[in-house]
Amino acid sequence: MKKLFKLSGQLAVLALGLGLSATFNQRQRRRDQARASAITTPALAPTPLAFPSATPFVSVLGAAWNEARLLPDFVASFCALDYPNRELVLCAGGDDGTFALAEGLASQPNITIVKQLPGEGKQVALRRALSHCQGEIIVLTDADCTLNAEGFNRLIAPIIAGEAHATSGRWQPFAERMTNPLVAYQAAVDIYVDSLRGEVADGLLGANCAVSRWALREAGDFFADVATGTDYHLAQDLWRMGYPIRFVWGSCVRAEYAEDWSNYQRRHARWLRNILIHENDLPLTERPDSSRTLRTAAIGFAMLLAPISGLFAPHRVRTALYSLWLVGIVHALGARLRYLAFAHDLGAARWRPATLLWLLPITVFDFYTWASSLITLLNPSQRNRW
């Protein structure tokens with residue numbers, strides 16, 4: 001009877017935890033639906049005011065390392081833009097023929113190709129390319145993306161209108177890649193996170209952002225020694241110089257997303273690690289992103305270690321530990337279901353029902369990815385790994 005009473009108490013605690021999680025996610029879902037209904041893309045300002053010309057010269061700046069497979073589509077998307085006064089300056093290199101291919105594609109006078117050397121990294125490549133730019137506005141992107149006229153025009157419109165010195169847009173995967181459950185999940189997360197941003201962004205998306213030439217010069221023109229996280233570092237410099245970043249929901253490029261577990265883990269762990277690297281020199285009171293990142297890594301460690309720790313814990317502790325772990329798993333699954341539902345509400349990321357079957361392994365792998373960001377940070381050989 002005593003054991004039965006204990007079991008009943010444990011089950012009650014478990015049920016309470018699951019109930020609280022369900023209630024939280026249900027409430028959040030209602031808020032998500034309201035936010036999805038409220039999201040609209042504003043019309044473009046008809047008459048830019050800040051520049052003498054309504055169409056100031058714009059330089060599209062990017063680095064392409066081993067991007068031979070995607071480079072033709074990227075260059076074609078630039079050529080298809082309808083903004084008149086523009087140029088593309090691309091620093092290209094690698095061992096797959098990217099530079100030679102880029103030179104062959106640069107048949108138009110508004111495309112300049114600069115050679116990227118091994119070991120230079122993205123920051124040096126951008127610095128070299130910038131020295132060839134003539135634009136009053138610099139648009140940063142990646143060679144594994146495709147641009148589009150509407151998104152491009154919306155991105156630079158606030159700068160032309162004198163409303164901002166820096167803007168940042170969104171990205172989404174290529175539509176044909178959405179059959180991959182891992183890609184569909186990432187797309188839903190990105191849409192959900194972007195929907196929570198206000199008019200002012202807390203950072204730059206390196207694949208789709210724009211900066212006035214004046215603000216970029218004030219922020220250092222890529223002359224800082226940055227091994228990884230170039231866009232995060234630039235965003236910090238812009239904020240320090242007093243240039244808020246305008247978030248532009250209506251500007252979206254298509255980009256390559258990680259399609260396998262290894263690339264997914266490496267990419268997302270790097271993003272988390274970059275935050276810790278670039279906020280390392282700031283006072284503790286000025287590290288909100290680092291605090292969130294460390295909390296995320298701690299959750300990853302806890303969720304990975306809890307099942308193993310339970311094997312060596314006393315029975316009472318083991319039961320409580322497994323109950324908390326199960327509540328954590330269910331809560332995380334509930335959040336990911338909300339992300340997918342939100343993307344479906346907006347019609348912005350079409351995913352197949354089979355994606356739902358992958359949510360549990362993706363959730364567990366996320367815990368590993370979060371924890372690995374801290375592990376690689378402490379490993380000098382992997383700290384600056386791209």
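Q: What makes helix α8 count as mostly covered?
A: In this predicted model, 8 of the 11 residues of α8 (residues 230-240) are buried. Buried residues have under 20% relative accessible area. Those that meet this condition in α8 are T230, Y232, H233, L234, A235, Q236, D237 and L238. The helix is followed by G242, whose phi is positive, near 85 degrees.

Q: Which residues touch the most other members of the largest nonpolar core?
A: They are L61, I156, L234 and L238, within a core of 81 residues. Helix α6 (residues 181-195) gives the most to this core, with 8 residues. A second, separate core has 6 residues, including L272, I329, F367 and W370.

Q: What does L238 touch, not counting residues up to four places away in sequence?
A: L238 touches A166, L204, V211, A215, A219 and Y243.

Q: Why is I308 called partly exposed?
A: Its relative accessible area is 48%. Partly exposed residues lie between the buried limit of 20% and the exposed limit of 50%, so I308 takes that name. I308 lies in helix α10 (residues 288-310) and joins L305, L311 and F312 in a nonpolar surface patch with about 480 Å² of accessible area together.

Q: How do you know that E67 has no salt bridge?
A: The nearest side chain of opposite charge, R69, is 6.2 Å away. A salt bridge requires a nitrogen to carboxyl oxygen distance within 4 Å, so the pair does not qualify. E67 is nevertheless buried, in the loop between β1 (58-65) and α2 (71-79). Leaving aside neighbours within four places in sequence, E67 is in contact with D96, T98, A143 and D144.

Note on methods: Residues are numbered from 1 along each chain as its sequence is written. This is a predicted model: local features need pLDDT of at least 70, side-chain atom pairs count only at pLDDT 80 or more; totals for chains, interfaces and linings use all residues. Side-chain values use heavy atoms; hydrogens and water are left out. Patches are made of residues with over 30% relative accessible area and no salt bridge: like charges are joined within 9 Å, nonpolar side chains (Val, Leu, Ile, Met, Phe, Trp, Tyr) within 5 Å. Accessible areas come from the Shrake-Rupley method with a 1.4 Å probe; for residues, only the protein chains shown count as cover. Helices (H or I, at least four residues) and strands (E, at least two) are DSSP runs, numbered from the N terminus. Buried means under 20% relative accessible area, exposed over 50%, partly exposed in between (1.4 Å probe, protein chains only). Lys and Arg count as positive and Asp and Glu as negative; His and the chain ends are not counted. Contact means heavy atoms within 4.5 Å. A nonpolar core is a set of buried Ala, Val, Leu, Ile, Met, Phe, Trp, Tyr and Cys residues joined through side-chain atoms within 4.5 Å.
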